[in-house]
Amino acid sequence: MADIYDPGFVKGVFDRCSERYIAFSLIFSFGFTERWRRQCVEAMPAPSAEGARGYDLMAGTGEVWPHLLKRFDGITAITAVDISSGMHRRAMARLHAHRAHRIDFIEDDLLASDLPPESADFVISTFGLKTFNPAQHARLAALVARVLKPGGVFSMIEASDPKGWWLRPLYLLHLKTVLPLIERLFLRGAQDFAMIGTYSTNFGDASGLARLLRDQGLEVRFSKYFFGCATGVAGRKV
């Protein structure tokens with residue numbers, strides 16, 4: 001059985017998804033993914049540095065960048081880090097050509113990358129956390145603590161399993177049954193988007209990552225969105 005958290009497996013899933021990811025995720029999340037990206041940006045403390053520079057980790061198609069640059073217009077550069085070159089090509093071609101002068105891209109396995117220490121005024125990540133298992137989350141927490149400058153800020157969000165919500169069975173039905181069925185019927189039998197449901201339910205929520213970030217000495221606030229269907233962490237390096 002394939003290891004769904006192996007970097008090569010993850011890269012294959014999202015390279016194949018890249019052409020359809022933007023429309024599929026927006027329509028079949030009923031717009032919640034866009035709302036949660038905005039809330040992720042709103043949760044991040046303001047970078048204190050003039051001309052802030054930072055990282056978008058597991059950047060995907062870069063849909064958080066408009067929200068980020070609108071709220072913090074002093075940001076001069078975003079370095080997108082993603083293992084899927086297909087996602088980034090799609091982002092720049094369709095959404096962000098006019099922002100190209102402010103966006104750099106590193107195609108890399110994030111946890112094997114050599115991002116310089118204390119090189120970021122901010123770190124943001126939207127909907128990439130689910131592709132890591134708990135051991136990888138520990139490495140991610142260490143990486144965030146390492147790359148942030150003193151006083152640097154962060155915010156991350158992920159679709160989650162809303163345990164305790166009375167509509168949770170319908171939510172899981174939509175995520176794990178309806179979306180894979182739509183994919184098989186309308187996307188030529190592909191099964192890549194079905195993996196997003198598997199990743200999300202395996203992830204649980206961001207509370208474990210919050211603990212790992214605190215263990216790295218970071219100030220952390222854990223938040224739930226829409227009854228726990230998404231959860232996030234935000235804070236600062238003291």
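**Notebook: a pocket, some salt bridges, a patch**

I started with the second largest pocket, where helix 1 gives the largest share of the lining, three residues. A note to self before going on: this is a predicted model.

**Entry 1, the pocket.** I looked up the volume, and the second largest pocket holds about 370 Å³ of space. Its lining has 30 residues, and the closest to the centre are Val10, Met58, Asp82, Gly128 and Thr131. I then checked which elements give two or more residues to this lining: helix 1 (7-17), strand 2 (77-82) and helix 6 (134-147). As for the kinds of residue in the lining, I noted 15 nonpolar, eight polar and seven charged.

**Entry 2, salt bridges around Arg37.** Next I went through the charged pairs. The count comes to six salt bridges. I picked Arg37 to follow up. What does the side chain of Arg37 meet in helix 3? I found Glu34, in a salt bridge at 3.5 Å, N to O. Both residues sit in helix 3 (residues 32-43), three residues apart, about one turn of the helix.

Arg37 has another partner: its side chain also meets Glu63 in a salt bridge, at 3.1 Å, N to O. This pair links distant parts of the chain, with Arg37 in helix 3 and Glu63 in the loop between strand 1 (53-57) and helix 4 (65-71), 26 residues apart. I wrote the three down together, since Glu34, Arg37 and Glu63 are linked in a network of salt bridges.

Buried or exposed? I looked up each member of the network. Arg37 has a relative accessible area of 4%, so it counts as buried. Glu63 is at 10% relative accessibility, so it is buried too. Glu34 has a relative accessible area of 27%, which means it is partly exposed.

**Entry 3, Arg168 and Asp161.** I checked one more salt bridge, where the side chains of Arg168 and Asp161 meet at 2.6 Å, N to O. Arg168 is partly exposed, with a relative accessible area of 25%, whereas Asp161 counts as buried at 9% relative accessibility.

**Entry 4, a nonpolar patch.** Last, I turned to the surface. Leu170, Leu173 and Val178 make a nonpolar patch there of about 240 Å². I looked up where Val178 belongs, and it lies in helix 7 (residues 168-186). Why can Val178 be part of a patch? Patch residues need over 30% relative accessible area, and Val178 is partly exposed at 31%, so it passes that cut-off.

Technical notes
Residues are numbered from 1 along each chain as its sequence is written. This is a predicted model: local features need pLDDT of at least 70, side-chain atom pairs count only at pLDDT 80 or more; totals for chains, interfaces and linings use all residues. Side-chain values use heavy atoms; hydrogens and water are left out. On a 1 Å grid over the protein atoms alone, a cavity is a set of points where a 1.4 Å probe fits but cannot get out, and a pocket is an open set with protein on both sides within 12 Å along at least five of seven lines; lining residues have an atom within 4 Å of a point. Grid points are joined across faces, edges and corners, and a volume is the space filled by probe spheres set on the points. Helices (H or I, at least four residues) and strands (E, at least two) are DSSP runs, numbered from the N terminus. Ala, Val, Leu, Ile, Met, Phe, Trp, Tyr, Cys and Pro count as nonpolar, Asp, Glu, Lys and Arg as charged, and the others, Gly among them, as polar. Patches are made of residues with over 30% relative accessible area and no salt bridge: like charges are joined within 9 Å, nonpolar side chains (Val, Leu, Ile, Met, Phe, Trp, Tyr) within 5 Å. Accessible areas come from the Shrake-Rupley method with a 1.4 Å probe; for residues, only the protein chains shown count as cover. Buried means under 20% relative accessible area, exposed over 50%, partly exposed in between (1.4 Å probe, protein chains only).
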